[in-house]
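Colleague: Could you walk me through this one slowly, since I am still new to reading structures?

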Amino acid sequence: MGLGGISIWQLLIILVIVLLLFGTKKLRNLGSDLGGAVKGFKDSMGDEEKAKEEGEPESLSDTKDTPETTQAKDAEQEKERS
(Lines give C-alpha, C1' and ligand atoms only; values in the text may rest on other atoms or scores of the structure.)
Protein backbone atom coordinates (compact mmCIF):
# COMPACT_ATOMS: atom_id res chain seq x y z
CA MET A 1 0.00 0.00 0.00
CA GLY A 2 1.20 3.46 -0.86
CA LEU A 3 -0.41 6.80 -0.37
CA GLY A 4 -4.08 6.48 0.56
CA GLY A 5 -4.51 3.05 -0.96
CA ILE A 6 -2.57 3.80 -4.16
CA SER A 7 0.31 1.43 -4.77
CA ILE A 8 3.64 2.36 -6.30
CA TRP A 9 2.71 0.55 -9.52
CA GLN A 10 -0.41 2.65 -9.93
CA LEU A 11 1.62 5.80 -9.41
CA LEU A 12 4.13 4.68 -12.05
CA ILE A 13 1.33 3.98 -14.54
CA ILE A 14 -0.11 7.47 -13.91
CA LEU A 15 3.37 8.97 -14.41
CA VAL A 16 3.79 7.15 -17.76
CA ILE A 17 0.36 8.34 -18.94
CA VAL A 18 1.18 11.94 -17.98
CA LEU A 19 4.50 11.71 -19.83
CA LEU A 20 2.76 10.38 -22.93
CA LEU A 21 0.08 13.08 -22.83
CA PHE A 22 2.25 16.12 -22.19
CA GLY A 23 5.72 15.07 -23.26
CA THR A 24 8.96 15.63 -21.43
CA LYS A 25 9.54 19.11 -22.86
CA LYS A 26 6.30 20.55 -21.48
CA LEU A 27 6.86 18.90 -18.12
CA ARG A 28 10.43 20.22 -18.01
CA ASN A 29 9.17 23.74 -18.79
CA LEU A 30 6.49 23.39 -16.14
CA GLY A 31 9.09 22.30 -13.60
CA SER A 32 11.42 25.18 -14.41
CA ASP A 33 8.55 27.68 -14.22
CA LEU A 34 7.52 26.28 -10.86
CA GLY A 35 11.10 26.41 -9.63
CA GLY A 36 11.45 30.01 -10.77
CA ALA A 37 8.26 30.96 -8.97
CA VAL A 38 9.46 29.34 -5.74
CA LYS A 39 12.83 31.09 -6.07
CA GLY A 40 11.14 34.44 -6.63
CA PHE A 41 8.94 33.87 -3.60
CA LYS A 42 11.94 33.04 -1.42
CA ASP A 43 13.81 36.10 -2.68
CA SER A 44 10.89 38.39 -1.93
CA MET A 45 10.53 36.92 1.55
CA GLY A 46 14.23 37.51 2.15
CA ASP A 47 13.93 41.10 0.88
CA GLU A 48 11.03 41.71 3.25
CA GLU A 49 13.07 40.44 6.20
CA LYS A 50 15.98 42.70 5.22
CA ALA A 51 13.62 45.66 4.96
CA LYS A 52 12.30 44.96 8.46
CA GLU A 53 15.84 44.89 9.83
CA GLU A 54 16.72 48.16 8.11
CA GLY A 55 13.49 49.86 9.16
CA GLU A 56 12.09 50.30 5.66
CA PRO A 57 8.33 50.06 5.01
CA GLU A 58 7.07 46.51 4.51
CA SER A 59 5.05 47.12 1.40
CA LEU A 60 4.18 49.75 -1.14
CA SER A 61 0.91 50.47 0.64
CA ASP A 62 2.93 51.97 3.52
CA THR A 63 4.52 54.50 1.16
CA LYS A 64 1.39 55.27 -0.82
CA ASP A 65 0.94 58.96 -1.54
CA THR A 66 -2.06 60.69 -0.08
CA PRO A 67 -3.88 63.32 -2.13
CA GLU A 68 -2.22 66.06 -0.06
CA THR A 69 1.32 64.79 -0.72
CA THR A 70 0.53 64.28 -4.38
CA GLN A 71 -0.69 67.87 -4.67
CA ALA A 72 2.43 69.12 -2.89
CA LYS A 73 4.67 67.16 -5.26
CA ASP A 74 2.77 68.50 -8.26
CA ALA A 75 3.16 72.05 -6.96
CA GLU A 76 6.92 71.55 -6.52
CA GLN A 77 7.22 70.23 -10.06
CA GLU A 78 5.34 73.23 -11.41
CA LYS A 79 7.69 75.57 -9.54
CA GLU A 80 10.70 73.76 -11.00
CA ARG A 81 9.31 74.10 -14.53
CA SER A 82 8.77 77.84 -14.13
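Modeller: We can go from the overall fold to helix 1 and then to the surface, keeping in mind that this is a predicted model.

Colleague: How many helices and strands are there in the protein chain?

Modeller: The protein chain has two helices and zero strands, and helix 1 covers residues 8-54.

Colleague: And how far apart are the end C-alpha atoms of helix 1?

Modeller: They are only 50 Å apart, although helix 1 has 47 residues and a straight helix would reach 69 Å at 1.5 Å a residue.

Colleague: Where is the kink in helix 1 centred?

Modeller: The kink is centred on Gly23 and comes to about 90 degrees. Just after helix 1, you will also find Gly55, which takes a positive phi of about 85 degrees.

Colleague: Changing topic, what share of the residues count as buried?

Modeller: Of the 82 residues in the protein chain, 1% count as buried, and the accessible surface comes to about 7,600 Å², with 61% of that belonging to carbon and sulfur atoms.

Colleague: Which residues form the nonpolar patch on the surface?

Modeller: The patch is formed by Ile6, Ile8, Trp9, Leu11, Leu12, Ile14, Leu15 and Leu19, which together have about 750 Å² of accessible area.

Colleague: Take Ile8 from that list, then: why is it called exposed?

Modeller: Ile8 is called exposed because its relative accessible area is 54%, and the cut-off for that word is over 50%.

How values were computed:
Residues are numbered from 1 along each chain as its sequence is written. This is a predicted model: local features need pLDDT of at least 70, side-chain atom pairs count only at pLDDT 80 or more; totals for chains, interfaces and linings use all residues. Side-chain values use heavy atoms; hydrogens and water are left out. Patches are made of residues with over 30% relative accessible area and no salt bridge: like charges are joined within 9 Å, nonpolar side chains (Val, Leu, Ile, Met, Phe, Trp, Tyr) within 5 Å. Accessible areas come from the Shrake-Rupley method with a 1.4 Å probe; for residues, only the protein chains shown count as cover. A salt bridge is a side-chain nitrogen of Lys or Arg within 4 Å of a carboxyl oxygen of Asp or Glu. Helices (H or I, at least four residues) and strands (E, at least two) are DSSP runs, numbered from the N terminus. Buried means under 20% relative accessible area, exposed over 50%, partly exposed in between (1.4 Å probe, protein chains only). The expected span of a helix is 1.5 Å times one less than its number of residues. The bend at a residue is the angle between axes fitted to the seven residues ending there and the seven starting there.
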